[in-house]
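Hi everyone, thanks for coming. I'd like to walk you through a structure today, so have a look at it while I talk.

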Amino acid sequence: MRARTRKNTRFVITIFSAVLLLLLLVMASASAAEGPAVMITNYTVEPGVLMPGDTGTITITIENMDILSSETKITTTTTLSTTSSTTTASTISAEIDCIRLSSRTRDIEWRSEGSKRTEYYNVGALGPGKSMTIPIPIKAASYAHDDTYSLEVYIEVDNGKNVRFPVPVKVDSSSVEILEKDIPSEISLSESKQIAIVVANNRPNSVNGVNVEVKSKSAGLEFTPERIFIGNLAAYEKRAVNFTLTPLFEGDNDIYFEAEYKNGDNLHHSEFTSSVLVRSIADVKLILVNAPEFVLKGEIARIDFDVANGMAKDIKAVSVMPAIEGLRILPSEYFIGDMEVGDVFSASFDIYTRDLSIGDTTIPFTLLFKDVDTDKQYEMQGYEVHVEVREPQKSKLPSPVLIGALVVILVSVAVAVGVRIKRRRGSREKK
């Protein structure tokens, strides 16, 4: 009875083992037939939005999601008395044969370089649970219209199912624009002024490496600084930029602004042109108050000026200087200092004429002052004073010694005459 029970138990175990083995074989064969499951788990497009003619990159992340896929191998060993089987299982890697990009239009295509390759071959094996990152170079045609283009990434898997994954790519022709904020139409020759523009990113994505440069084709304007680095501008962000404009000569001058920026790795430029007229609108004036029409050689000539601030702002370090050498003029510089708007101050000079030649002499005076905002010094031709130097006249009157001698002689003669007359009268009385 016990022996029969043991036989039955062995029979049941054998049948169970056979069924289990059969199930394992079915599962293994089914898994091997289906193959590993490959998926695109992430993608990015850089730059986020292309401009016509731009190059970019679609970066995809491929992952083998099937961590249970395996191959089963049964090894059977037979001896004279028994037969035994050994089952081993190993994981299956996804064999990626090819990656390519397809599009319904030629506005966005795989960027071909060198060999004109438009796909990746023999990418390699991807183990269960493993991932890899693949960059796909793309280019927007120069004629591409503003739109969102639907591209498809196609992955061929040798031992599994192929993958098709849609990737949208946007094209937008909006640019970085330069807008005028504060640029005067006119400026005085003797003032520096701050001018302002606005750099506006009209794009739906950020741009980087933004630089702004200002210049003029004429030599009549000077800018400080000439170039300003902004850096990154977010989507639809605006940034004000200031330059200091200093005129050097009178005249009408064009001003050229250029913004340089990158959309991804693609370099772009935007331009803007304005103009400014340089002339003496309101200035610091040197006004002649008094000067002699002529002066005798050797005398001192007195020159009087008024200095008036006719500008729309204060100035500092104001002084007046004679711009001539070899002539003694005191003081050598008349320093006034700070002047507010509308101030008027006096400045006087004494000119020693002994070293001047006979005739007309022109004596120029220079006006100097500094801008309170930029500390830039200005030197203006203030005024030219014309002085006639004459030769001293020779006197036609006798000298004092000669006059004294004549007086003594006349007195002596008068006394002698008087004495003589008196003697004559005395002689007559005695007779």
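Let's start with one residue: which residues does Thr246 touch, not counting those up to four places away in sequence? Thr246 touches Ser192, Gly220, Leu221, Glu222, Lys376 and Tyr378, where contact means heavy atoms within 4.5 Å.

Before going on, a word on where this comes from. This is a predicted model, where local features need pLDDT of at least 70 and side-chain atom pairs count only at pLDDT 80 or more, while totals for chains, interfaces and linings use all residues. Residues are numbered from 1 along each chain as its sequence is written, and side-chain values use heavy atoms, with hydrogens and water left out.

Back to Thr246. It is found in strand S18, residues 238–247; helices (H or I, at least four residues) and strands (E, at least two) are DSSP runs, numbered from the N terminus. Thr246 has a relative accessible area of 3%, so it is buried. Buried means under 20% relative accessible area, exposed over 50%, and partly exposed in between, with a 1.4 Å probe and protein chains only. The side chain of Thr246 also makes a polar contact of 3.0 Å with the side chain of Ser192. A polar contact is a pair of N or O atoms within 3.5 Å; within protein, one must be able to donate a hydrogen and the other to accept it, and residues adjacent in sequence count only if both atoms are side-chain atoms.

What does S18 pair with? S16 and S18 pair in the antiparallel sense over four bridges, and two strands pair if DSSP finds at least two bridges between them. Thr224 stands opposite Thr244 in S18. In strand S16, residues 221–224, Leu221 and Phe223 point to one face and are buried, while Glu222 and Thr224 point to the other and are not. In a regular strand the side chains alternate between the two faces of the sheet.

Now, remember Tyr378 from that first list? Its ring and that of Phe369 have centres 5.5 Å apart and planes at 25°, so the pair is stacked. Rings of Phe, Tyr and Trp (its six-membered ring) pair if their centres lie within 6.5 Å; planes under 30 degrees apart count as stacked, over 60 as edge-to-face and the rest as tilted. Both Phe369 and Tyr378 are buried. Lys376 lies over the face of Tyr378, at 6.0 Å from the ring centre, and the charged end of Arg390 sits over the ring of Phe294, 3.6 Å from its centre. For that, NZ of Lys or CZ of Arg must be within 6 Å of the ring centre and within 35 degrees of the ring normal.

On to the cores. A nonpolar core is a set of buried Ala, Val, Leu, Ile, Met, Phe, Trp, Tyr and Cys residues joined through side-chain atoms within 4.5 Å. The largest one has 30 residues, of which Ile58, Ile62, Ile99 and Ile136 touch the most other members. A second, separate core of 27 residues includes Val284, Leu327, Phe369 and Val385.

Finally, the whole chain. How many helices and strands are there? The protein chain has two helices and 29 strands. Buried residues make up 33% of its 431 residues.
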